[in-house]
Amino acid sequence: MSTSAQKLPATSCLHCGSPVPVGAQGGFCCSGCEAVHGLLVDQGLTRYYALADGKVAPAPEPKPGRSHAWLDPLVARSESSGGELCSLELDVQGIHCAACVWLMNELFRRQPGGAAITINPALGKVNLRWRRGQFDVTGFLNSVEAFGYLFGPSRKAPEAASLDLPVRLGICAAIAMNVMLFSWSFYVGLTPEDGEIFSLFSRLSLGLSTVAVLVGGWPFFRSAWQGLRSGVLHLDLPIALGILLVYGTSLAQARSGRGDLAYFESLNTFMTLMLVGRWLQQRVLDRNRRFLLEDDGADGILVRRQQGDRLDTVRAPELRAGDTLVITPGDLVPVDAELLDAQASFSTDWITGEADVRTVREGEVIPAGAFNAAQVAVHVRARTDFQESPLVSLLRQAPGAPERLPAHARFWSRVSRRWVISVLSIAALGLAVWWPAGPDKALQVAVALLVVTCPCAIGISVPLAYELVQARLRREGFFIRSADLLDRLPLVRKVLFDKTGTLTLGRLELADRAALEQLEPGLRDVAFNLSARSNHPVSRCLAAALSQAGARFTPGLHVEEHPGQGLELMRDGTRWRLGAASWAAPEAQGTQGVVLARDGGLVAAFPMRDSVRPDAKREIAALREEGVDVWLLSGDAPQRVHEMAERLGVSPQQALGGQKPEDKAARVAALDRSDTLYLGDGVNDSLAFERALCAGTPAIDRPVMPGKSDFFLLGEGIGSIREALRLSHRLRQVVRRVLAVALVYNVIAVAVCLAGAMTPLRATVAMPLSSLSLLLFTLYSLSPSRRPASARVPSLREVPA
């Protein structure tokens, strides 16, 4: 165990430091963290913790046997390009710190045949170089993915603003510092009579400020113009006007030879602060989006198509009825297809919500959206073109909807419009009031009004508040992808959960360990030798429990698997069976769970149930106590859904099973009053996502859903949802207080300006001083120690009409 891990308190995960959910076993917040921690220790890679310095994210549970159908053509193309060295660029999911970079470099170094690896953690990209025919690319990817990362084709690209804003910010910050030095010379008495020095400082201030206006002002000019063209008034309009008027006033003063150039300092400082606000707004969102692989919809689903003796990897939209497909372990079947082999196993949880693995025999139909759950590849024949597949409607990306909030809740739209109208009206009033005193004085008053009333509170303090909340939620395993999610969360009054893979962990557990503990050691060994030789979810669950109970493995035994029935072992003339009671022990038909039988007689029964997230019951009870309605919607059988609802304390009337994707979407639409949060993990939740106010997923290892989500979760707990609701309410309170303080400041500043007492020096001091004060107020208000004891989600009775 690493030194840093040992220092963590008992209630913190030994791998990532997140709180261990109440009810979780061991010192880890999730099985993913436990698995990754074990690998780091076993492979001597615990230096990872020292490099991470406590900034480790919860690890997704590694998925053995993940398909790499997309990889083969990329490797083949690289190795056929000529030359001794081959190169390939890939996207990677889950990279977040220097420790991740070190880990991948170390695993690459241990792989023979590699030449070089270049990792870009900012974009989530990896470039591999290797010696032709000497490096196992798939093996390297498997070794890295065992630690919870995922690889995919190179699709990530930085947004223009992500590259543009930091450059503009750096230029403007450097210019602002230099102009500030020149301006102070004017404050302390430098005048035109000082000759060449005054002229040099004036020209430098003018030249640098011109560059700053062109570089730093462009995002505001462009946004203001686009808003005017579309008939929308937003905060970039007064910002853009203020920049132009301040620059024009200082330019006029410079041409007249006057020495009062202090507005150049205000101008540069103001533009720098506004760009800082813009950068804060997008920084965390960009990191969260790049954490995941890019979703390419149906085009991102690749499948192997057999044509004679050739096997081609094609995109799903290219599939036609009659195509013969080779579905390797972990691959998706993108269309309804007929099985050509004798039998195979498929998981349909992604499309139906049922966790069971289905056995399909030759000639039977495999539904679109099923995954190959066997350990061998199978052959199927497509029954339809892909365009006729039911997945097409579920995989589509929802059309852009910029107005996700209801009309009464578009808070920022109202604030922006009123602020713009007020600022422009006050500036026009100041110009009119002082016009009789001369155009120069009137323009100076109008410019001063635009400078001191520019929305620094919204431009800097509010983005900082959002950044602080998003950073805190990241540490809780709650990653925000939509810019306006924190504005929508305070409206949530109904939380709707899918069941399989959302409230459950997608794996089984023993419902009663007493039957296992009462077994004689010899019988435990028999059951373990049967279950350990199968990859079926029931077998994996039983084998893990038997291993913990001390069961011993005997090599060399021949165990035969009968798909859909169970496992069989002949040993010393005794026939042992582990499986369904109707097959293993017909006399005990009707016994719940998997049974162990000896020569047809029942020896023991092991009832199974879905493994529930450790904090699910507690969090659902807390949400209901705080006035939030909790619903359970699932494609699983109604009886199993009601049993789950009883375990978790959900009202039977609000637990619906047997729901098709269209049924879920219709239910969400009927319940939604712009106040629903939906959490799901399968493509059968896709349509419901589009109907909910906000939607998220814990399934970042599956395609499509992360790309449709407003947020995603890491770890096995769901407590971060309630924390996100709480923090969103706290954020709204802080933002409104910031706006109130800013309003008071602006009333005072406007009065001083209209009285003609606002000089360039006073404006230069007042504007950054007010911004700094609001920044400190924001930091204090959102510090963890300021968490109010009574913080909770308001009940339905407390929501204003």
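Which residues are exposed on the other side of α22? Keep that in mind; the tour gets there at the second stop.

This is a predicted model: local features need pLDDT of at least 70, side-chain atom pairs count only at pLDDT 80 or more, and totals for chains, interfaces and linings use all residues. Residues are numbered from 1 along each chain as its sequence is written, and side-chain values use heavy atoms, with hydrogens and water left out.

**Stop 1: the largest core**

Select Phe478, Leu489, Phe497 and Leu632. They have the most contacts inside the largest nonpolar core, which has 50 residues. (A nonpolar core is a set of buried Ala, Val, Leu, Ile, Met, Phe, Trp, Tyr and Cys residues joined through side-chain atoms within 4.5 Å. Buried means under 20% relative accessible area, exposed over 50%, partly exposed in between, with a 1.4 Å probe and protein chains only.) Now add helix α27, residues 719-754: its ten residues are the largest share of this core. (Helices are DSSP runs of H or I with at least four residues, strands are runs of E with at least two, and both are numbered from the N terminus.)

Zoom in on Leu489. Leaving aside neighbours within four places in sequence, Leu489 is in contact with Leu677, Cys694, Ala724, Leu725 and Ser728. (Contact means heavy atoms within 4.5 Å.)

Move to Leu677, in strand β25. Leu677 counts as buried because its relative accessibility is 0%. Its C-alpha atom is 8.1 Å from that of Leu489, although 188 residues separate the two along the chain. Beyond four places in sequence, Leu677 is also in contact with Val492, Lys494, Val495, Leu496, Cys694 and Phe711. Cys694 is buried too, at 0% relative accessibility.

**Stop 2: helix α22**

Select residues 616-625. The buried residues of α22 are Ala616, Glu619, Ile620, Ala622 and Leu623. They lie on the same side of α22 because they cover an arc of only 160° around the axis. (The arc is that of the directions from the helix axis to the C-beta atoms.) An α-helix has 3.6 residues a turn, so residues three or four places apart point the same way.

Turn to the other side of α22: Lys617 and Glu625 are exposed there. Now show what covers the buried residues, including β15 (494-497), β22 (608-612), β23 (629-633), α23 (638-648) and α27. Just after α22, find Gly627, with a positive phi of about 90°.

**Stop 3: Asp681**

Go to the loop between β25 (676-679) and α25 (686-691), where Asp681 is found. Is Asp681 buried or exposed? Asp681 counts as buried, at 9% relative accessibility. Show Thr502 as well. The two C-alpha atoms are 6.0 Å apart, across 179 residues of chain. A polar contact of 3.4 Å joins the two side chains, Asp681 and Thr502. (A polar contact is a pair of N or O atoms within 3.5 Å; within protein, one must be able to donate a hydrogen and the other to accept it, and residues adjacent in sequence count only if both atoms are side-chain atoms.) Beyond four places in sequence, other contacts of Asp681 include Trp350, Asp498, Pro698 and Met705.

**Stop 4: Val126**

Select strand β3, residues 125-131, and pick Val126. Val126 is buried, at 1% relative accessibility. Leaving aside neighbours within four places in sequence, its contacts include Leu88, Met104, Ile117 and Phe151.

**Stop 5: cysteines**

Finish at Cys13, which is buried at 0% relative accessibility. The closest cysteine sulfur, in Cys16, is 3.8 Å from that of Cys13, too far for a bond. The whole structure has zero disulfides. (A disulfide is a pair of cysteine sulfur atoms within 2.5 Å.)
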